[in-house]
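This briefing concerns the charged side-chain pairs and the nonpolar packing of one protein model. Please read it alongside the sequence and structure shown here.

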Amino acid sequence: PRSQDGVGQFAFDFDQPQAEATMAPSPVSLHDQVRSAASDYQLQMQAYALAVNDLLPSLGDIGRAINVTLHFLDPNVEFHLPAELLSRAACAHAIDAAMMEIVASHEPAEFPVKPAMHCRMCSFLSICLGGRQWLRANMPARRSNQLRRTAEA
């Protein structure tokens, strides 16, 4: 995947026109943020790969491999799921394991919140305390207020 590890985050104070942009070091590298977000989508990507394997079994007969790419629009970064996770057997096993974990779970604590930059676009932001707290702590106040108002609407 393309990486932008050296890119910092800009912070602007729009209330004071003479303010200059300052670089704030990112607490987590972009590469680590992308890998973390991609891990959240790994099972979904494997489900898609399993569906393609089942719907188009002839792909394997002609030696075609299934590739899965998660493309983050902001920032412009791609993440490719490794080929060993895309075989029909690996995908089916991952889905079966996830289903068994869900069935065996009894408490919400067994599904921990993993807040990160993706929270800013999440449909559950209005009911997710962890996501709102992360955004307040990691985004400029003005942008955080806009997101909060959007989530409350």
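The points below cover the salt bridges and then the nonpolar core.

The model is predicted. A search of the whole structure yields three salt bridges. The largest nonpolar core comprises 17 residues, and α1 is the element that gives the most to this core.

**Salt bridge between lysine 114 and aspartate 40**

- Lysine 114 pairs with aspartate 40, and their closest N and O atoms lie 3.4 Å apart.
- Aspartate 40 belongs to helix α1 (residues 30–55), while lysine 114 sits in the loop between α3 (88–104) and α4 (129–138); the salt bridge therefore ties together parts that are 74 residues apart in sequence.
- Lysine 114 is classed as partly exposed, at 47% relative accessibility.
- Aspartate 40 is likewise partly exposed, with a relative accessibility of 35%.

**Salt bridge between aspartate 54 and arginine 88**

- A salt bridge joins aspartate 54 to arginine 88, with 2.8 Å between the closest N and O atoms.
- Because aspartate 54 is in helix α1 and arginine 88 is in helix α3, this pair ties together parts that are 34 residues apart in sequence.
- The relative accessibility of aspartate 54 is 41%, so this residue counts as partly exposed.
- Arginine 88 also counts as partly exposed, at 43% relative accessibility.

**Salt bridge between aspartate 74 and arginine 120**

- The side chains of aspartate 74 and arginine 120 form a salt bridge with an N to O distance of 2.9 Å.
- Aspartate 74 lies in the loop between β3 (69–72) and β4 (77–80), and arginine 120 lies in the loop between α3 and α4, so the pair ties together parts that are 46 residues apart in sequence.
- Aspartate 74 has a relative accessible area of 56% and is exposed, whereas arginine 120 is buried, with a relative accessible area of 14%.
- The classification of arginine 120 follows because buried means under 20% relative accessible area, and the value for this residue is 14%.

**Nonpolar core**

- In soluble globular proteins, nonpolar side chains tend to be buried together.
- Within the largest nonpolar core, which has 17 residues, Val68 and Phe79 have the most contacts.
- Two or more residues of this core come from each of the elements α1, β3, β4 and α3.
- The contribution of α1 to this core is seven residues, the most of any element.
- Helix α1 also holds aspartate 40 and aspartate 54, each of which takes part in a salt bridge described above.

Key
Residues numbered from 1 in each chain as written. Predicted model: local features only at pLDDT ≥ 70, side-chain atom pairs only at ≥ 80, totals over all residues. Heavy atoms only, no water. Salt bridge = Lys/Arg side-chain N within 4 Å of Asp/Glu carboxyl O. Helix = DSSP H or I, 4+ residues; strand = E, 2+ residues; numbered from the N terminus. Buried < 20%, exposed > 50% of the residue type's maximum accessible area, 1.4 Å probe, protein only. Core = buried A, V, L, I, M, F, W, Y, C linked by side-chain atoms within 4.5 Å.
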